[in-house]
Structure formats: structure tokens, C-alpha cells
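Please look over the chain below with its sequence at hand. The report then walks through the fold and its side-chain contacts.

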Amino acid sequence: MKKIITLAIAILVAATSFAQSSHRYTQVYSFNWQSSLPIGESAAFIPNMCLNGADFNFTFFLTDHIGVGVDFAWNLNSKQTPPQVYPINDNAAIYAAVYKTVQNIPMKAQFKYLFNPYSFVKVYASAGLGATSYVVNTQIQEYQFSDSSWGFLMSPEVGILVPFGKDVHWGANAAVGYNWATNKAQNLYFNLGIFFSVF
């Protein structure tokens, strides 16, 4: 396994260093499947990895290296616990399963730095600021409890752009980032998708 990882890193470094493109990107649009892992108080409510998510990103490059843009994402996490007894008051209780859901919608402006604008495989880092909507729902039989909030969001991210060929507008992209918000909506997210570039 270590040999495979080492080989993959070596190929990526070689592609980044030696495979050059004759164009730099002026705009990039990406569409991604997003998975996320709750962290902190979010994980206390539902610790599972969330596989239901999507992301859209747009970046306009002001220079070879520096870009600004926007990012919109959505993910829905859920968990069902087996039936058990829940007291309602001193004289009554119900036996039921519990169904929990968390819906997270982060929206942010991004500052992006492209390390190697003329390489075939492009590597970037970004910092995002914005807001996130966080909706928590718990259902026990016919009883439902819900709470929603908005919070200020900060989000660092690193990723790569890999075109499908030299000087081709389309390609694959991958990214990993961290959402931290004042309303306790914290998660580590992973994007995998396709992008379209404008030279």
C-alpha cells in the first residue's frame, strides 16, 4: 500500500512539474458530489459520514495565480436508532425508533491561489468566508423537534484540477476542506467532480 501511495505522489509531482499547458485559466466552473464528516458538536448529534451532498463552485482568475469566486454546497445527513422506551412524563412513555436529520447549506465567497497555473495538473489552496444554514430535526413517532440557525462561516480548502487532455477545457477535480461556523455547523468535506475552464 505504501508503494502505491508513493508511486501516486511521484506521478502527481512529475505531472505537476513537467507537463506544461500553453494556456492559463481565466474562469473555472466546477460541479461536485460532496461527502462530509461532522466534527465537534455536530458529530455529537450525528457522527456518521454524510454521503448526500452537492457543490457548485465558480472562480474568476484576476492574475495567473490569484482568483476570486463563490461556492454553494448542500448536504443532508441522517441517522435512525433502534426502537427503545422514551419517557414523556411521569405517567407515560412511548416505544419508538428515533430518526435524526441534519441539513447544512454553506455559502461563501472564496479567495483562491493557484500554485502552478501553466502545469497540466493544477494545485490550489483557498480561503472562504460566508454563512451557513444549519437545520437539525429529531422525530420520535409523531413527535417532532426541529431547530434551525444561521452562522458566520470560515472555510479553508485545498484541491487539484486535472484536465482530460492537453489544452482541453473539461477535466476532473478533487478537493478537501473544513467548514467552521459560529452556529456549531462544523464538518470536514470532500469534493469530487468535473470542471469547465475558460482560457
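What follows covers the strands, their hairpins, and then the charged and aromatic contacts.

**The barrel**

This is a predicted model. Its 8 strands form a closed barrel in the order S1-S2-S3-S4-S5-S6-S7-S8, and the pairing is antiparallel. On average, neighbouring strands of this sheet are turned by 25 degrees against each other, direction ignored. Strands of a sheet pair through backbone hydrogen bonds.

Start with S2 and S3. Strand S2 spans residues 52–61 and strand S3 spans residues 66–89. They run antiparallel and share 10 bridges. One register point is Thr 59, whose bridge partner in S3 is Gly 69.

**Strands S5 to S8**

The table gives three antiparallel strand pairs and the hairpins they form.

| Strand pair | Bridges | Residues between the strands | Turn residue with positive phi |
|---|---|---|---|
| S5 and S6 | 19 bridges | 2 residues | Gln 141, about 55 degrees |
| S6 and S7 | 9 bridges | 6 residues | Asp 167, about 60 degrees |
| S7 and S8 | 10 bridges | 5 residues | Lys 184, about 70 degrees |

Strand S5 covers residues 122–140. Strand S6 covers residues 143–163. Their register can be read from Val 123, which has Ile 160 in S6 as its bridge partner.

S6 then pairs with S7. Val 162 has Ala 172 in S7 as its bridge partner. Met 154 is partnered by Trp 180, also in S7. On the S8 side, Ala 175 stands opposite Asn 191.

**The two faces of S7**

Which residues of S7 make up its covered face, and which its uncovered one? The covered face holds Gly 171, Asn 173, Ala 175, Gly 177, Asn 179 and Ala 181. The uncovered face holds Trp 170, Ala 172, Ala 174, Val 176, Tyr 178 and Trp 180. In a regular strand the side chains alternate between the two faces of the sheet. Two residues already met as bridge partners of S6 lie on the uncovered face: Ala 172 and Trp 180. Ala 175, the residue opposite Asn 191, is on the covered face.

**Salt bridges**

How many salt bridges does the model contain? The count is 2.

One joins the side chains of Arg 24 and Asp 64, with N to O at 2.8 Å. Arg 24 sits in the loop between helix H1 (2–18) and strand S1 (27–38), and Asp 64 in the loop between S2 and S3. The two are 40 residues apart, so the pair links distant parts of the chain. Arg 24 counts as partly exposed, at 23% relative accessibility. Asp 64 is also partly exposed, at 27%.

The other joins Lys 184 and Glu 41, whose closest N and O atoms are 3.4 Å apart. Lys 184 lies in the loop between strand S7 (170–181) and strand S8 (187–198), while Glu 41 is in helix H2 (residues 41–45), so the pair ties together parts 143 residues apart in sequence. Lys 184 is partly exposed, at 43% relative accessibility. Lys 184 is also the turn residue with positive phi in the S7 and S8 hairpin.

**Aromatic contacts**

There are 6 aromatic pairs. One of them is Tyr 25 with Phe 195, a tilted pair at 5.9 Å centre to centre with 55 degrees between the planes. This pair links distant parts of the chain: Tyr 25 is in the loop between H1 and S1, and Phe 195 is in strand S8, 170 residues apart. Are these two rings buried or exposed? Both Tyr 25 and Phe 195 are buried.

Another pair, Tyr 113 with Phe 115, is edge-to-face. Its centres are 5.2 Å apart and its planes stand at 75 degrees. Tyr 113 counts as partly exposed at 32% relative accessibility. Phe 115 does so at 48%.

Back at Tyr 25, ring pairs link this residue, Phe 195 and Phe 199 into a cluster.

**Charges over rings**

Tyr 25 has a further partner: Lys 122 lies over the face of its ring, 4.4 Å from the ring centre. Lys 100 lies over the face of Phe 45, at 4.8 Å from the ring centre.

Conventions. Residues numbered from 1 in each chain as written. Predicted model: local features only at pLDDT ≥ 70, side-chain atom pairs only at ≥ 80, totals over all residues. Heavy atoms only, no water. Pairing = 2+ DSSP bridges. Helix = DSSP H or I, 4+ residues; strand = E, 2+ residues; numbered from the N terminus. Axes fitted to C-alpha atoms, helices over the stretch in contact; angles between N-to-C directions. Salt bridge = Lys/Arg side-chain N within 4 Å of Asp/Glu carboxyl O. Buried < 20%, exposed > 50% of the residue type's maximum accessible area, 1.4 Å probe, protein only. Phe/Tyr/Trp six-rings, centres within 6.5 Å; stacked < 30°, edge-to-face > 60°. Lys NZ or Arg CZ within 6 Å of the ring centre and 35° of its normal.
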